[in-house]
Amino acid sequence: MTKTVHILNGPNLNLLGQRQPEIYGRETLADVEAACAALGATLGLQVRLMQSNHEGAIVDQIHAARHEAAAIIINPGALTHTSVAILDALNAFEGPVFEVHISNVHKRESFRHHSFVSLRAEGVIAGLGTEGYQAALRRIATLLAAT
Ligand code: CA2
């Protein structure tokens, strides 16, 4: 059976490609979804991309992934740096988790250097632009093939 990967995105990422292209590039979240769906097809993985501006909704999406997804790619946006609730929800998910940041958070303000989600993630990708989502998907394909 084809395995599914959920790609979860936090606050303000719906604005991707519309503002601050010098930091986040010109691709939209729809472009990310299309690129990941195409790559997923070559890797034998189905992908489902979601975005919410609300912490509780993202917790709900992680709970849903427990039953629907073999792996999670998550860019929690600013909630990366604040949310114990998202960390707790990810700790209740059994499959691999990859944290993606479009920008290199370590080159930015110090408050972006700490991530609660990194305590759970198998891997963290930062600064590859939106290609980071595809890099995470490739790594997930490798890990899931080995299980
Ligand atoms: O680099 C990333 O992917 C971030 O997760 C993006 C977050 C930021 O708070 C994190 O520190 C790093 C912000 C997402 C805001 O996305 C926008 C995209 C385009 C225009 C405005 C905001």
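# Ligand site, helices and cores

In the ligand site, an N or O atom in the side chain of Arg112 lies 2.9 Å from an oxygen atom of the ligand, a polar contact being a pair of N or O atoms within 3.5 Å, where pairs within protein also need one atom able to donate a hydrogen and the other to accept it, and residues adjacent in sequence count only if both atoms are side-chain atoms. The model is predicted, with local features requiring pLDDT of at least 70 and side-chain atom pairs counted only at pLDDT 80 or more, while totals for chains, interfaces and linings use all residues. Residues are numbered from 1 along each chain as its sequence is written, and side-chain values use heavy atoms, with hydrogens and water left out.

## The ligand and His81

There are 17 residues around the ligand, of which Asn75, His81, Ile102, Ser103 and Arg112 come nearest; a residue belongs to this group if one of its heavy atoms lies within 4 Å of the ligand. An N or O atom in the side chain of Asn75 is 2.8 Å from a ligand oxygen atom, and for His81 a polar side-chain atom is 2.7 Å from an oxygen atom of the ligand.

His81 sits in the loop between β3 and α4; here helices (H or I, at least four residues) and strands (E, at least two) are DSSP runs, numbered from the N terminus. Besides its ligand distance, the side chain of His81 reaches the backbone oxygen of His114 at 2.9 Å. Apart from neighbours within four places in sequence, His81 is in contact (heavy atoms within 4.5 Å) with Phe111, Arg112, His114 and Phe116.

## Accessibility of selected residues

The classes below rest on relative accessible area, where buried means under 20%, exposed over 50% and partly exposed in between (1.4 Å probe, protein chains only).

| Residue | Relative accessibility | Class |
|---|---|---|
| His81 | 15% | buried |
| Ile62 | 0% | buried |
| Glu99 | 1% | buried |
| Asn12 | 51% | exposed |
| Gln20 | 41% | partly exposed |

Asn12 lies in the loop between β1 and α1 (21-24), and Gln20 is found in the loop between β1 and α1 as well. Phi is positive in both of these non-glycine residues, near 75 degrees for Asn12 and near 50 degrees for Gln20.

## Helices α3 and α4

Helix α3 (residues 55-68) has 14 residues, which at 1.5 Å a residue should span 20 Å, and its end C-alpha atoms are indeed 20 Å apart; the expected span is 1.5 Å times one less than the number of residues. Its buried residues are Ile58, Val59, Gln61, Ile62 and Ala65. These residues cover an arc of only 160 degrees around the axis, which puts them on the same side of α3, the arc being that of the directions from the helix axis to the C-beta atoms. The face turned away from this buried side carries the exposed residues Asp60 and His67. The buried residues of α3 pack against β1 (3-9), β2 (45-51), β3 (71-75) and α4 (84-91). Within α3, Ile62 touches Leu8, Ile72, Ile74, Ile86, Ala89 and Leu90, not counting residues up to four places away in sequence.

In α4, the buried residues are Ile86, Leu87, Ala89 and Leu90. Seen down the axis, they fall within an arc of 165 degrees, so they line one face of α4, and they pack against α3, β3 and β4. Ser83 caps the N-terminal end of α4, with a side-chain oxygen 3.5 Å from the backbone nitrogen of Ala85.

## Nonpolar cores and Glu99

A nonpolar core is a set of buried Ala, Val, Leu, Ile, Met, Phe, Trp, Tyr and Cys residues joined through side-chain atoms within 4.5 Å. The largest such core has 23 residues, and Ile73, Tyr133, Leu137 and Ile140 have the most contacts inside it. The elements giving two or more residues to this core are β1, α2 (29-43), β2, β3, β4 (97-101) and α5 (131-145), with α5 giving the most, six residues. Tyr133 touches Ile7, Asn9, Val32, Cys36, Ile73, Asn75, Val100 and Ile102, again leaving out residues up to four places away in sequence. A second, separate core of 16 residues includes Met50, Val59, Ala65 and Ala69.

Glu99 is found in strand β4, and its side chain makes a polar contact of 2.8 Å with the side chain of Ser115. Beyond four places in sequence, the residues touched by Glu99 include Ile74, Thr80, Ser115, Val117 and Ile125.
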